[in-house]
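Student: Could you take me through the largest pocket in this protein, and show me what lines it?

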Amino acid sequence: MLVLGLETSCDETGAAIVDDTGRVLADVVQSQVVHTEFGGIVPELASRDHLKNGGPVLHQALALANVSLADIDGIAVTCRPGLSGALLVGVQLARGLAWASEKPVVGVDHLVGHLLAVFLSYPDLAPADPPKLPFVALLASGGHTALYRVDGFELSAVRELGATRDDAAGEAFDKVAKALGLGYPGGPVVDRLAKEGNPDAIPLARPMSGKHTLEFSFSGIKTSVARWVEAHGRPGDDQTLRDVCASFQRRVVDTLVKKLVLAARQERVETVVIAGGVAANRELRERAHAAATKAGLRLVVPPFRACTDNAAMIAFAGLTRLQRGEDDSDTLSVSPKTALATVTRKGSGRRAG
Ligand code: KG4
Ligand code: ZN
């Protein structure tokens with residue numbers, strides 16, 4: 001079975017082709033540069049760019065996989081959460097393709113896509129060793145930061161255990177980078193600079209590191225960096241800049257790793273996963289690995305390219321729905337919010353916000 005995945009929920013236009021083992025035959029991502037000068041995403045510009053790039057990105061993916069639309073067995077498209085206008089562009093493209101090719105089309109929750117990215121394998125990388133169910137996953141991206149328990153591939157088998165009360169971790173990286181004059185997106189550049197910085201050099205707030213909660217808060221540390229910049233000005237020398245990045249990153253990573261291990265203990269699982277754009281962070285990957293080993297847990301991390309937004313993860317999540325015979329041809333619509341349920345300690349589910 002071959003699945004075409006489409007992703008347009010935010011500022012990446014993606015098209016990918018994945019087979020029924022999770023092997024990625026093509027994975028094309030066009031990142032929008034129009035937002036750089038604004039230091040954040042401008043929704044209207046995002047929709048227009050998806051409209052412009054959707055067709056070319058799709059054709060490139062088909063060409064790279066050396067297949068035509070007729071060879072595809074089903075189409076998967078991100079339908080929530082995200083920017084409504086941006087999501088609509090992808091969903092309309094998917095509906096048109098499904099109608100023209102008489103193939104089923106399924107909507108995919110972007111967050112489920114991130115959580116299942118660990119199941120992808122790429123021909124140019126060592127074979128993946130995917131996690132066994134159930135596992136606990138930390139999903140940390142620009143729009144979301146939460147812990148999930150994953151018991152299966154269907155929506156009802158994924159439950160949120162705790163989430164951020166304010167900013168997402170990636171958002172904090174982006175805002176700190178903006179305060180330091182480092183451009184957007186901030187994660188990769190802060191990651192690179194932090195590598196040679198001293199994480200103990202700058203006293204910053206600790207982001208909600210309380211022992212017993214699975215909730216997060218990153219607005220305090222973001223403000224703490226902004227205050228430091230107000231007081232001292234933007235770092236004039238390279239080493240101070242590296243030290244600020246390292247001090248910020250260390251505190252964020254500490255909290256993320258600590259809560260991942262805590263959630264795994266509470267849920268009594270043996271495997272943990274990290275996912276989302278922030279899972280590309282070098283220090284998070286290293287420290288999560290060390291903490292998991294110490295706690296007797298197995299850590300599974302997606303390849304770098306599968307952490308940030310891409311359509312291969314959407315194709316794989318859609319594949320699991322298509323394999324169950326599901327088809328949203330008549331019902332596909334978009335929503336800015338996830339459909340993943342949260343769960344309270346006592347186990348009674350409630351819908352996420
Ligand atoms: O998953 P993603 O591509 O998009 C969303 O769904 O939000 O995540 C993008 C976020 C951005 O905030 C970006 O700064 C962050 O992931 N990011 C990183 C790194 N690479 C991307 N954060 C920390 N370290 C990185 N290496
Ligand atoms: Zn994402």
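Tutor: Sure, and let's get the vocabulary straight as we go. Helices (H or I, at least four residues) and strands (E, at least two) are DSSP runs, numbered from the N terminus. This is a predicted model, where local features need pLDDT of at least 70, side-chain atom pairs count only at pLDDT 80 or more, and totals for chains, interfaces and linings use all residues. Residues are numbered from 1 along each chain as its sequence is written, and side-chain values use heavy atoms, with hydrogens and water left out.

Now for the pocket (on a 1 Å grid over the protein atoms alone, an open set of points where a 1.4 Å probe fits, with protein on both sides within 12 Å along at least five of seven lines; lining residues have an atom within 4 Å of a point). The largest one has a volume of about 1,000 Å³. Its lining counts 38 residues, and D11, G142, G143, D174 and Y184 are the closest to the centre. Helices α3 (110–116), α4 (169–179) and α5 (187–194) each give at least two lining residues, with α4 making the largest share at 6 residues. Sorted by class, you get 12 nonpolar, 18 polar and 8 charged residues; Gly counts as polar here.

The lining also draws on both domains, with at least three residues from each of domain 1 (2–125 + 306–344) and domain 2 (135–302). Those bounds come from an automatic or database domain assignment. The C-alpha centres of the two domains lie 26 Å apart. Their contact (heavy atoms within 4.5 Å) takes 28 residues from domain 1 and 25 residues from domain 2.

Technical notes:
Chains lettered and ligands numbered in written order. Points joined across faces, edges and corners; volume = space filled by probe spheres on them.
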